[in-house]
Amino acid sequence: MTAVEVSEGEIRRRQDRRLKTRVFDTYARSSVGGFLYLIAWFPLAIATHLHVRHPWIVLALTVLFVIAAVLRRLTRPSRDDPEAQMRWINRYACIALSSIAIWAGIQVWVLADPLVPPLVKSASLFGTIAFSTVLVHLYTSILRLTVIGIALLIIPSGLVLWSDPQLHILALTLTLYSGYLGAAAFRSRSDYRRRLDVDEALVEQRDRYEELSRTDSLTGLRNRRSFSEALNEQVREAQWLSGAGVALALLDIDHFKSINDRHGHVIGDEVLRHLAERLRAAFPEPDVVVARTGGEEFGLILRDYDEISTMIRTDTFREALEAEPVVCAGIAVPVSVSIGVGSFHAERDINDDGFYGAVDVALYAAKQQGRNRVVSVSMLEPGLIARRSMGRVTKPVQPSQARPGMPRDA
Ligand SMILES: Nc1nc2c(ncn2[C@@H]2O[C@H](COP(=O)(O)OP(=O)(O)OP(=O)(O)O)[C@@H](O)[C@H]2O)c(=O)[nH]1
């Protein structure tokens, strides 16, 4: 896949991420917006004396505003289900539009009522203009809601104003202003989309760097840092969850220095790459961790494996590797590996460091016994782990702790 091609799954993931951002931005900006109508409604009802003239209507409208405001606050979007988020947008838009429609109706009533003083009519119209302006900022990511909301607030009031020839100029001004708001809503939406694009690019870049920091650049396998973290995690699981088990295998190419000396470092690198591919093919399960832990050292973490099954599997791999030389640039390079294996025992190993140290001693024993073999921790002479681990390397060190002279690129 080239850099330009993006898989369907990836496109879907991006769309879902954008939808989630839109939904949560909308909720964060506007979930208390319904109460604004309520706050504006009380003084208006009093100033127009509607509470004295039509107390039941005032009460009914107040109840409707309260229901819409509370519903808007309580209708929380789903965190992870994109279909539920789409449904939420529609439901939320209906609730928001119902408050807007009630206010628009009140505004028409106030403008048309001859008993309402002109000053109160102007104040109420000013409130309506403020509400329609706020919509542009509240619902930036749901353009249709903004446009319908502005139309609901402005058009009926504009028509009432237009019905009085003396107020034509006011109706025209209102129409012009609604045009401006429409343009602002489009502008605000495209700014918002640009912001989403930038956010997305940053998230992708962060994910890419994170992936790179866990990958061995030569082989593409996990690197020692990622391996250490996975081992730590799985050992902790084995410590705390009854029934969870974890096995570890450490593989070291035999006489790799002479491969480098005979064929050069470029072929040496190719051998490392080929070995990585063979390991990946031999241990394809997603829950098996395959890593390059050092220069010519590789590691496997096998969840829920015991020592014997790990020995059998790694020995099969060793035999297959020995039987089929690695071919690099037309040169057949015989490669063999020594392997140490073990499964985690809490009393013996204590933690991941102790576990790694024990398997490392088994690997050391495999080298000592003539190489090209698998040695398990239980095959070791009692007391050897304690003696050897004093002088041997324990769990792979983090890159920041790496000493000069450590293998390249690991
Ligand atoms: N080509 C190549 N060589 C590497 C890399 N990292 C480490 N090496 C070489 O791996 C060799 C490891 O040599 P030793 O530690 O002596 O081990 P060995 O020759 O495999 O001998 P045994 O492990 O005892 O069988 C050194 O020559 C390193 O230079 C690498 O990334 N690429």
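**Figure 1. The buried residues of helix α8 are A171, L174, S178, L181, G182, A184, A185, S188, Y192, L196 and E200.** This and every other view here shows a predicted model. Helix α8 takes in residues 168–213, and its end C-alpha atoms are 67 Å apart. For 46 residues at 1.5 Å a residue the span should be 68 Å, so the helix agrees with what is expected. Look around the buried residues of α8 and you will find that their cover includes α1 (8–30), α6 and α7 (143–162).

**Figure 2. The whole protein sets the scene for the remaining close-ups.** The protein has 15 helices and seven strands. Of its 410 residues, 42% count as buried. Among contacts with a separation of 6 or more, 72% are between residues 24 or more positions apart.

**Figure 3. Residues G33, L36, Y37, R72, F131, V134, L135, L138 and Y139 line the largest cavity.** A search of the whole structure turns up one cavity of 30 Å³ or more. About 60 Å³ of space lies inside the largest cavity. Two helices, α2 (34–47) and α6 (118–138), each give at least two residues to the lining. The largest share comes from α6, with four residues. By class, the lining holds seven nonpolar residues, one polar residue and one charged residue.

**Figure 4. A40 and V120 offer two views of contacts involving helices α2 and α6.** Start with A40, which sits in helix α2. With a relative accessible area of 23%, A40 is partly exposed, because buried means under 20%. Setting aside neighbours within four places in sequence, A40 is in contact with W103 and F131. F131 is also one of the residues that line the largest cavity. The C-alpha atoms of A40 and T128 are separated by 9.8 Å, although these residues are 88 residues apart along the chain.

Now move to V120, in helix α6. V120 has a relative accessible area of 14% and is buried. Not counting residues up to four places away in sequence, V120 touches L44, A47 and T48. One of these partners, L44, lies 76 residues from V120 along the chain, with 7.9 Å between their C-alpha atoms.

**Figure 5. Helix α12 (residues 307–323) has a buried face.** The helix has 17 residues and reaches 24 Å from its first C-alpha to its last, close to the 24 Å expected at 1.5 Å a residue. Its buried residues are E307, T310, T314, F317, R318 and L321. Seen down the axis of α12, these residues fall within an arc of 100°, so they line one face of the helix. The general pattern is a handy guide here: an α-helix has 3.6 residues a turn, so residues three or four places apart point the same way. On the face turned away from the buried side of α12, look for the exposed residues I308, I312 and A323. The cover over the buried residues of α12 includes β1 (246–253), α11 (265–282), β3 (297–303), β4 (326–328), β6 (337–343) and β7 (374–376).

**Figure 6. L272 is a buried residue of helix α11.** Its relative accessible area is 3%, well worth a close look alongside its list of partners. Leaving aside neighbours within four places in sequence, L272 is in contact with L218, T219, I253, F256, R292, G295, E296 and F298. Take I253 as an example: L272 and I253 are 19 residues apart in sequence, and their C-alpha atoms are 9.0 Å apart in space.

**Figure 7. H49 and R371 have positive phi values without being glycine.** As background, most residues other than glycine have a negative phi. For H49, phi is about 60°. H49 is found in the loop between α2 and α3 (50–53). At 47% relative accessibility, H49 counts as partly exposed.

For R371, phi is near 70°. R371 has its place in the loop between α14 (352–368) and β7. R371 also counts as partly exposed, at 30% relative accessibility.

Terms used. Residues are numbered from 1 along each chain as its sequence is written. This is a predicted model: local features need pLDDT of at least 70, side-chain atom pairs count only at pLDDT 80 or more; totals for chains, interfaces and linings use all residues. Side-chain values use heavy atoms; hydrogens and water are left out. On a 1 Å grid over the protein atoms alone, a cavity is a set of points where a 1.4 Å probe fits but cannot get out, and a pocket is an open set with protein on both sides within 12 Å along at least five of seven lines; lining residues have an atom within 4 Å of a point. Grid points are joined across faces, edges and corners, and a volume is the space filled by probe spheres set on the points. Ala, Val, Leu, Ile, Met, Phe, Trp, Tyr, Cys and Pro count as nonpolar, Asp, Glu, Lys and Arg as charged, and the others, Gly among them, as polar. The expected span of a helix is 1.5 Å times one less than its number of residues. Buried means under 20% relative accessible area, exposed over 50%, partly exposed in between (1.4 Å probe, protein chains only). The arc is that of the directions from the helix axis to the C-beta atoms. Contact means heavy atoms within 4.5 Å.
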